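Welcome, and please open your viewer. We will go from one selection to the next and look at what each one holds.

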Amino acid sequence: MAFAGRTAMWWARLRSPCLCATPLCVLPRLPPGSAACERLYSSRGKEKLDMSTYPVENIRNFSIIAHVDHGKSTLADRLLEITGTIAKTAHNKQVLDKLQVERERGITVKAQSASLFYNHEGINYLLNLIDTPGHVDFSYEVSRSLSACQGVILVVDANEGIQAQTVANFYLAFEAQLAVIPVINKIDLKHADPERVEKQIEKLFDIPIDECVRISAKQGTNVEKVLQKIIEKIPPPQCNTADPLKALVFDSTFDHYRGVIANIALFGGEIQKGHKIVSAHTKKRYEVNEVGILTPNEQPTHKLYAGQVGYVIAGMKEVTEAQIGDTLFLYKQPVEPLPGFKSAKPMVFAGMYPVDQTEYNNLKSALEKLTLNDSSVTIHRDSSLALGAGWRLGFLGLLHMEVFNQRLEQEYNMSVILTAPTVPYKAILSSAKLIKEYGKAEITIINPAQFPDKISVSEYLEPTVLGTIVTPQEYIGKIIVLCQDRRAVQKDMLYIDEQRVMLKYLFPLNEIVLDFYDALKSLSSGYASFDYEDAGYQAADLIKMDILLNGNPVEELATIIHSDKAYATGKLLCERLKDAIPRQLFEIAIQAAIGKRIIARETLKAYRKNVVAKCYGGDITRRMKLLKRQAEGKKLMRKIGNVEVPRDAFIRVLKREPDK
């Protein structure tokens, strides 16, 4: 009877309507719009769209590019609302920013795409939008996104005007020969000056003032005009449905149940469920299980046609099978592979190790899945005497490294140890023995442990970058002093208008990678902006500096630095370590050494018991005997005692103070 009662109750619950008010939903007692209900509804209830009603001439593929915090994601939200892609509610903030790290930090990290349907003058258009990141560390995401587009919306803040990343992103679009629509955002702000910004755009980018569109993305003012400009100014894709299938994989994610979901842009032909496709990179064959568009959630379709942007699920189970930049084509209909993407050049390297070596395989799996979604990270196997087996990872910048680490923790629940960030140096070998060992005369050094001795090297090379700084003119003096302190060489200085100046400097990468951006922001009260691009290598007088604790080198704190800065950096590191290392029962000598020469030292005093407290008067020899016995005990303890550096102290120790 009890069993029958439970069964009846279960059926009653199953028949009761779901709170989300979806007619096809069979999940009872779910809150409105819950994720479980949405997943079930999207997979069972949605009608497949017919994409054949959108010929190539009615398609527009575009990206939104801008400096950090100029309103790209807000504009994307308004475009989604106006075209009816999402319902208009007060909660529509950063709709396309799906990652937890993006919502916490308020920045876009991953480029996200969405398909919009818009009726203009009685014709239905398909607009494929890609929202891109604005920070210099994620410029690879921008360059990848532009490969799937024919035009861009260049957003500029009416209050702040043109910034460093605005210039960098404009030239990315210009080099790709894309149509540019300048949009001046935030005209509703109290101190907005759109006339000044229009003059800046005309002077720097040679775009006529009458082509600029003034909008307020937050309030929705004039956003409809942006959609009209997209249709008028951006050309349709140059491709044909009658051609063989040629699809470019420009992004991908991993789903535990469906495998790899590849985002594709079709440059020819069509694709549908049941088609047999081949990867140009791996030469493996797959059967298509599902195709669709992103609105911004997955919306299955019957087919995807040339010129359209969407996703494909084809049973790729291994994360290594979906290479970003790969070309997909139909089985027995091979095509010339698309050029793909220029591989990202890592600017910062850091060692990554599991906290516990038993977690090694889990961390390996998590890294493979995350690098599928973030292909700009490079991975090499590495090992450390102190930390065990791990990897040496290459990132595009320090923020990129922090975000990657945060995503690893949030999405895969992995805790890791990150070593001090370093940059890739080069050495030209003179020793015949080493040349034979490496197989070449020029080697790249990404780990200080591999740094060769000066005797066997004819020349060391350090990476350089061409930095662009845009700042109000009242801060020029302080910024020039900061740049000179970082061994920078001035290349250009241009007044954008009466208030703002653009400076170009050649920097050694090592001088800016850790904390230059923070120092620049604090000197300029947050008004200056910074962007950089690779400028090759230059000869430098480099040395390896070791940090010793009681004579034992700490491998993770070894650094490669310029000889001019060795003494100051060594002294600073020793002082920082003195504050970071907890006191022990024995004395700790903290030393900075170049080879066998000690250049700086700090001493961390031991905890000490007052052994003469019980002596009151009497002969002094009694006191001396007790103190001598204590000193011998401390000496023995120092020999056998281990000093552990707190693992979270690495970045804290290596970051410079703004005034240094």
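How much space lies in the largest cavity? About 110 Å³, and keep in mind that you are looking at a predicted model.

**Stop 1: the largest cavity**

Select Tyr353, Ser384, Arg392, Thr419, Ala420, Thr422, Asn447, Pro448, Glu555, Glu556 and Ala558 to bring up the lining of the largest cavity. Colour that lining by class and you will find four nonpolar, four polar and three charged residues. Now colour by domain: domain 3 (348-418) and domain 5 (543-654) each give at least three residues to the lining. Cavities of 30 Å³ or more number four in this model.

**Stop 2: the whole chain**

Zoom out for a moment. The protein chain has 17 helices and 31 strands. Of its 660 residues, 52% count as buried. If you like contact maps, look away from the diagonal: among contacts with a separation of 6 or more, 69% join residues 24 or more positions apart.

**Stop 3: the largest nonpolar core**

Next, select Leu408, Ile469, Phe507 and Phe516, the residues with the most contacts inside the largest nonpolar core, which has 56 residues. Add helix H9 (residues 360-373), whose five residues make up the largest share of this core. Domain 3 (348-418) and domain 4 (425-540) each supply at least three residues to the core.

Which residues does Phe507 touch, leaving out those up to four places away in sequence? Show its neighbours and you will see Pro463, Thr464, Val465, Gly467, Ile469, Cys483, Ala488, Ile512, Phe516 and Phe530. Two of the names from the core selection, Ile469 and Phe516, are in that list.

Apart from this core there is another, of 27 residues; to find it, select Leu75, Ala76, Val155 and Val223, which are among its members.

**Stop 4: a covered helix**

Select residues 139-146, which form helix H5. Is this helix mostly covered or mostly open? It is mostly covered, with six of its eight residues buried. Pick out Tyr140, Glu141, Val142, Arg144, Ser145 and Leu146 to see the buried ones. Then switch on what lies over them: the cover includes strands S1, S3 (123-131), S4 (151-157) and S7 (246-255), along with helices H6 and H9.

**Stop 5: two loop residues with positive phi**

A quick reminder before the next selection: most residues other than glycine have a negative phi.

Go to Asp69, in the loop between strand S1 (59-66) and helix H3 (72-82). The phi of Asp69 is near 65°, a positive value in a residue other than glycine. Asp69 counts as exposed because its relative accessibility is 59%, and the cut-off for exposed is over 50%.

Then move to Gln177, in the loop between helix H6 (164-175) and strand S5 (179-185). Gln177 is not a glycine either, yet its phi is positive, at about 55°. With a relative accessibility of 73%, Gln177 therefore counts as exposed.

**Stop 6: a buried arginine**

For the last selection, take Arg576 in helix H15 (residues 566-580). Why does Arg576 count as buried? Its relative accessibility is 14%, and buried means under 20%. Finally, draw a C-alpha to C-alpha distance from Arg576 to Glu602: the two are 9.7 Å apart in space and 26 residues apart in sequence.

Definitions and conventions
Residues are numbered from 1 along each chain as its sequence is written. This is a predicted model: local features need pLDDT of at least 70, side-chain atom pairs count only at pLDDT 80 or more; totals for chains, interfaces and linings use all residues. Side-chain values use heavy atoms; hydrogens and water are left out. A nonpolar core is a set of buried Ala, Val, Leu, Ile, Met, Phe, Trp, Tyr and Cys residues joined through side-chain atoms within 4.5 Å. Buried means under 20% relative accessible area, exposed over 50%, partly exposed in between (1.4 Å probe, protein chains only). Helices (H or I, at least four residues) and strands (E, at least two) are DSSP runs, numbered from the N terminus. Domain bounds come from an automatic or database domain assignment. Contact means heavy atoms within 4.5 Å. On a 1 Å grid over the protein atoms alone, a cavity is a set of points where a 1.4 Å probe fits but cannot get out, and a pocket is an open set with protein on both sides within 12 Å along at least five of seven lines; lining residues have an atom within 4 Å of a point. Grid points are joined across faces, edges and corners, and a volume is the space filled by probe spheres set on the points. Ala, Val, Leu, Ile, Met, Phe, Trp, Tyr, Cys and Pro count as nonpolar, Asp, Glu, Lys and Arg as charged, and the others, Gly among them, as polar.
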